Amino acid sequence: MKQDTLLVGTAVATITPPLEVGLLTSAVEGRYAPFESVRLPLKARVLAMTSENKTIIIVALDLLALSDTSVGGWQQFKQSLTDRVPSSHLIVTCTHTHTAPESVALSELYLTYAFRDWLNNTVTKIRNCIDQAIDTAVPCRLMYGGAILEGHHMQRRIPSPSGILMSDAVQPVSPALLNRDPVDKRVRALQFIGKTGKAVATVLHAVCHPVHEMCMPHISPDFPGELCNLLERNSDHGTVLFLNGAAGDINPPTVSCGAGTAYAHAEALAHVFQQEMIPAPFLPSPFEFVHHEQLLGCRPHMELTNMLDSLARIGALAFGPDLAVVFLPGEPFV
């Protein structure tokens with residue numbers, strides 16, 4: 001292998017929980033309820049990248065989020081996923097779908113046997129995916145591109161004379177509210193192209209809360225999962241991973257409007273990617289990666305009992321001087 005060769009491999013596993021590993025119904029009151037059905041399965045998608053004997057693993061999960069408390073210790077959790085790379089080279093992300101298990105320890109669900117059993121099974125599946133992704137990696141070149149998607153994102157919190165309103169309380173959404181800034185409407189993509197000319201993997205990045213199906217009692221990956229499924233039907237795109245951005249204050253205009261709006265959002269993103277994305281070629285080069293941890297302060301009313309839940313674990317992956325991906329925890333604001 002030449003020193004500047006970029007090896008890329010992927011793997012996918014289904015991590016859908018049993019229905020009793022349920023839905024967050026109130027973050028404020030710490031309540032959850034069992035699901036009633038599965039609309040679409042939840043997936044773990046793994047991307048392994050190796051260059052100059054360094055391997056970085058990205059794990060994208062169709063989950064609401066994970067915390068130090070819910071997994072029984074973040075460092076131990078990451079170490080349980082693989083012994084083939086340092087834990088600092090393993091990046092775990094969640095798409096933040098709200099129709100996935102309450103996996104953040106906002107309620108007492110994480111203490112139940114059903115949750116612990118599902119989490120243990122999920123760890124095993126992710127571990128197997130990481131092994132498969134590393135073992136099947138092939139030489140790739142990297143392409144990247146960007147475009148703009150209009151009409152699908154808005155500010156989540158709306159100032160009013162009576163206080164702050166959530167966007168789902170101001171239906172129907174007026175053009176003035178839909179165009180209220182700041183909103184990040186950019187869609188970014190990376191494609192790792194194999195020797196056959198087809199993509200081994202596609203990574204898509206967009207900014208929006210996946211809440212088209214929020215509080216609906218079925219399991220679903222919302223628009224990120226719909227988007228991955230749509231693009232994976234075309235073998236040219238390889239395995240598709242979705243990375244959410246600074247979506248803490250960004251909602252779709254159709255909160256809790258159902259599966260149809262989730263699919264429509266995915267279709268719009270897929271169209272932008274396939275028709276309007278302008279790719280730029282990027283030759284393989286050694287990447288660099290840094291990992292940084294910093295303890296952040298919390299608002300007093302949070303009553304946080306585990307300070308490690310406020311530890312910011314930040315990663316930055318740079319492909320040469322022109323392209324970088326920064327991984328931030330939690331729900332950062334635009």
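The dialogue below discusses a sheet and a loop residue in a predicted model.

Reader: In what order do the strands of the open sheet of 3 strands stand, and with what pairing?

Author: As a general idea, strands of a sheet pair through backbone hydrogen bonds, in either a parallel or an antiparallel manner. Here the order is E18-E19-E20, and the pairing is antiparallel.

Reader: Which strands stand at the edges of this sheet?

Author: Strand E18 (287-295) and strand E20 (323-327) do; each has a single partner strand, so one side of each lacks a neighbour in the sheet. On average, and with direction ignored, neighbouring strands are turned by 15° against each other.

Reader: Over how many bridges do E19 and E20 pair?

Author: Strand E19, which covers residues 311-319, pairs with E20 over 5 bridges in the antiparallel sense. To follow one bridge on the structure, take Ala316, whose partner in E20 is Val326.

Reader: Turning to Thr97, where is this residue found, and is Thr97 buried or exposed?

Author: Thr97 lies in the loop between strand E7 (90-94) and helix H2 (113-135). A residue counts as buried under 20% relative accessible area. Thr97 is therefore buried, because its relative accessibility is 0%.

Reader: What does the side chain of Thr97 reach?

Author: The side chain of Thr97 reaches the backbone oxygen of Ser220 at 2.9 Å. A polar contact of 3.2 Å also joins the side chains of Thr97 and Thr99.

Reader: Which residues does Thr97 touch, leaving aside those up to four places away in sequence?

Author: Thr97 touches Asp62, Leu63 and Leu64, together with Pro210, Ser220, Pro221 and Asp222. Ser220 thus appears both in this list and as the residue whose backbone oxygen the Thr97 side chain reaches.

Methods:
Residues are numbered from 1 along each chain as its sequence is written. This is a predicted model: local features need pLDDT of at least 70, side-chain atom pairs count only at pLDDT 80 or more; totals for chains, interfaces and linings use all residues. Side-chain values use heavy atoms; hydrogens and water are left out. Two strands pair if DSSP finds at least two bridges between them. Helices (H or I, at least four residues) and strands (E, at least two) are DSSP runs, numbered from the N terminus. Axes are lines fitted to C-alpha atoms, for helices over the stretch in contact, and angles run from 0 to 180 degrees between N-to-C directions. Buried means under 20% relative accessible area, exposed over 50%, partly exposed in between (1.4 Å probe, protein chains only). A polar contact is a pair of N or O atoms within 3.5 Å; within protein, one must be able to donate a hydrogen and the other to accept it, and residues adjacent in sequence count only if both atoms are side-chain atoms. Contact means heavy atoms within 4.5 Å.
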